[in-house]
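User: I want every term in this model justified before I use it. Please take them one by one.

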2 protein chains.
Amino acid sequence: MNSSLDIENFLKDFSCNCKNVQKKSFRKNQTITTYIQKRNQVCILLSGAADLVRYDLNGDKSIIEHFSKNDIFGEAFYIVTTNNELSVEAKKNCEVLFFIYDNIYQKCRNNCKFHQILSANFSNLILNKVMDLNTRIEILTKRTIREKLRGYFNILSTRSLSKTFILPFSLTDLADFLSVDRSAMMRELKSLKDEGFIKKNGNRITLLYK
Amino acid sequence: MNSSLDIENFLKDFSCNCKNVQKKSFRKNQTITTYIQKRNQVCILLSGAADLVRYDLNGDKSIIEHFSKNDIFGEAFYIVTTNNELSVEAKKNCEVLFFIYDNIYQKCRNNCKFHQILSANFSNLILNKVMDLNTRIEILTKRTIREKLRGYFNILSTRSLSKTFILPFSLTDLADFLSVDRSAMMRELKSLKDEGFIKKNGNRITLLYK
DNA sequence: TGATATTTGTTGCTTTTGCAACAGAAAAAG
DNA sequence: CTTTTTCTGTTGCAAAAGCAACAAATATCA
């Protein structure tokens, strides 16, 4: 989306005096927010990287979403149920903008530039989000670990316009992202290597098939 | 979302003379659209039910999304890759509105009511979509068939405000939706029944746990 | 209504995945 | 620079899931 460039520039040095819009910084491994019903919070990640994670009753961790620069997230996009605790964890040092959803289309008292540009760009930000979510679902609906890996690798390859690309995850996190057991995934990665489908150096992957 | 009521009323008897907005009818099992890169088509399902499906190289079918009344979909929300064919299939007779994404925020020549209301409500329509997608991901990230079933049943129970609810799918389609083998799912359903977690009559399910 | 197609329910067997555990490599912290 | 922590790579075994096949029940269609 070329429109993300507009947003990027404006977010970099936004200023708004509304008490409803806040910019906060987080250090790696801190919890940025926990999803709570009815608060309707929306966040934009200005810099850094973060994951939306769920710990289920067995203590298994799932990475529900992976956020990087300019991604939008927050409980406003979620129907929060009682069965699971969702929280957003900083994977690197992060800067995050917080506001509430109701606020987006309301003109703020100051009629500040932030609100103007935000409401103009909100749909595009969400559209990007929808595309990411659809991509994620595409991968998760694949039946086997092998297909998930190949599906994800294809996407990364397409995005980087190259057969070679760098995984945006540690292998441990990749397993959580694909929602599979890490050791099983490692086994499958090894088979893919042995059978000549991929080449792997650390987290640099090269696809060897068409 | 209470805002969906506005949309519902206006969609029911919309009229727009733009050549870029079309309303079409489909019979059960017809293909409503196939996703093609760059066309940027957006669709709103006015009535009926439809599924976004993918057939992979092995011929396995996955239901990527399930659409009901007032759901929004289309290739504009997708990064279409070469590896898979995505199409939307009518599960019942359907009425569908077609237009292109660029069109949403452009004022049409006629400045018609449709475009006015659509741009005002587009964000809410997408927001609902994001919530659905997030819900779907929640379920797909569960590790076992049992957890997927229970996760999905919890959601249906919450939505219907009751321990008893009707599955919106045939069991065959439910398996495709959860992206698992049907016979394995049936086995798991049987265990859930035998162990006293659920009661099942056709596609009416009752949860027996807390 | 009768014929045809689809869905449900079930099972034996095979393959895949998850689990647990551990050693070595790499990265982070002090 | 050394220690501590996290990540990678691997394995044997157990559990879960997929596959194939079929009969019975339902639904659809002509």
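Analyst: First, the elements. Helices (H or I, at least four residues) and strands (E, at least two) are DSSP runs, numbered from the N terminus. The model is predicted, with local features needing pLDDT of at least 70, side-chain atom pairs counting only at pLDDT 80 or more, and totals for chains, interfaces and linings using all residues; side-chain values rest on heavy atoms, without hydrogens or water. Residues count from 1 along each chain as its sequence is written, while chains are lettered from A and ligands numbered from 1 in the order in which they are written.

User: Which element gives the most to the surface near DNA strand C?

Analyst: H5(B) does, with five residues. Near has a rule: a heavy atom of the residue lies within 4 Å of the strand. H5 of chain A and helix H4 (171-178) of chain B also each supply at least two residues.

User: How many residues surround DNA strand C, and which are the closest?

Analyst: There are 17 residues around DNA strand C. The closest are A:Thr144, A:Ile145, A:Asp181, A:Ser183 and B:Thr172. Of the strand C atoms within 4 Å of the protein, 53% belong to sugar and phosphate.

User: What makes A:Ser183 a polar contact of DNA strand C?

Analyst: A polar contact is a pair of N or O atoms within 3.5 Å; within protein, one must be able to donate a hydrogen and the other to accept it, and residues adjacent in sequence count only if both atoms are side-chain atoms. An N or O atom in the side chain of A:Ser183 is 3.0 Å from a base nitrogen of strand C, so the pair qualifies. The side chain of A:Arg187 also has an N or O atom 3.0 Å from a base nitrogen of strand C. For A:Ile145 the partner is a phosphate oxygen of strand C, reached by a backbone N or O atom at 2.7 Å.

User: What is found around DNA strand D?

Analyst: DNA strand D has 18 residues around it. A:Thr172, B:Thr144, B:Ile145, B:Asp181 and B:Arg187 come nearest. H5(A) gives the most to the surface near strand D, with five residues.

User: How do you know which side chains meet the base and which the phosphate of DNA strand D?

Analyst: By the atom at the far end. The side chain of B:Ser183 has an N or O atom 3.0 Å from a base nitrogen. The side chain of A:Lys200 has one 3.0 Å from a phosphate oxygen. B:Asp181 uses a backbone N or O atom, 2.9 Å from a phosphate oxygen. All of these gaps fit the polar contact limit, so the name holds.

User: Why are eight residues near DNA strand D called charged?

Analyst: The class follows residue type: Asp, Glu, Lys and Arg are charged; Ala, Val, Leu, Ile, Met, Phe, Trp, Tyr, Cys and Pro are nonpolar; the others, Gly among them, are polar. On that basis the strand D surface has five nonpolar, five polar and eight charged residues. The strand C surface has five nonpolar, five polar and seven charged.

User: How much area do chain A and chain B bury between them?

Analyst: About 3,800 Å², with 53% of it on carbon and sulfur atoms. Buried area is the accessible area (1.4 Å probe) that two parts lose on being put together, summed over both. In chain A, A:Ile137, A:Glu138 and A:Arg143 lose the most, together 17% of what that side buries. Contact, meaning heavy atoms within 4.5 Å, takes 41 residues from chain A and 41 from chain B.

User: Why is the pair A:Glu138 and B:Arg54 called a salt bridge?

Analyst: The rule asks for a side-chain nitrogen of Lys or Arg within 4 Å of a carboxyl oxygen of Asp or Glu. Here N to O is 3.0 Å, so the pair passes. B:Arg54 sits in strand E4 (residues 50-55) of chain B, and A:Glu138 in helix H2 of chain A. The interface of chain A and chain B holds four salt bridges; the whole structure has 14 over all chains.

User: What makes E3 and E8 of chain A a pair?

Analyst: Pairing needs at least two bridges found by DSSP. Strand E3 (residues 41-47) and strand E8 (residues 94-100) have six, so they pair, in the antiparallel sense. A:Gln41 stands opposite A:Ile100 in E8(A). The open sheet of four strands runs E1-E8-E3-E6 in chain A, with antiparallel pairing. Its edges are strand E1 (22-26) and strand E6 (72-73), each pairing on one side only.
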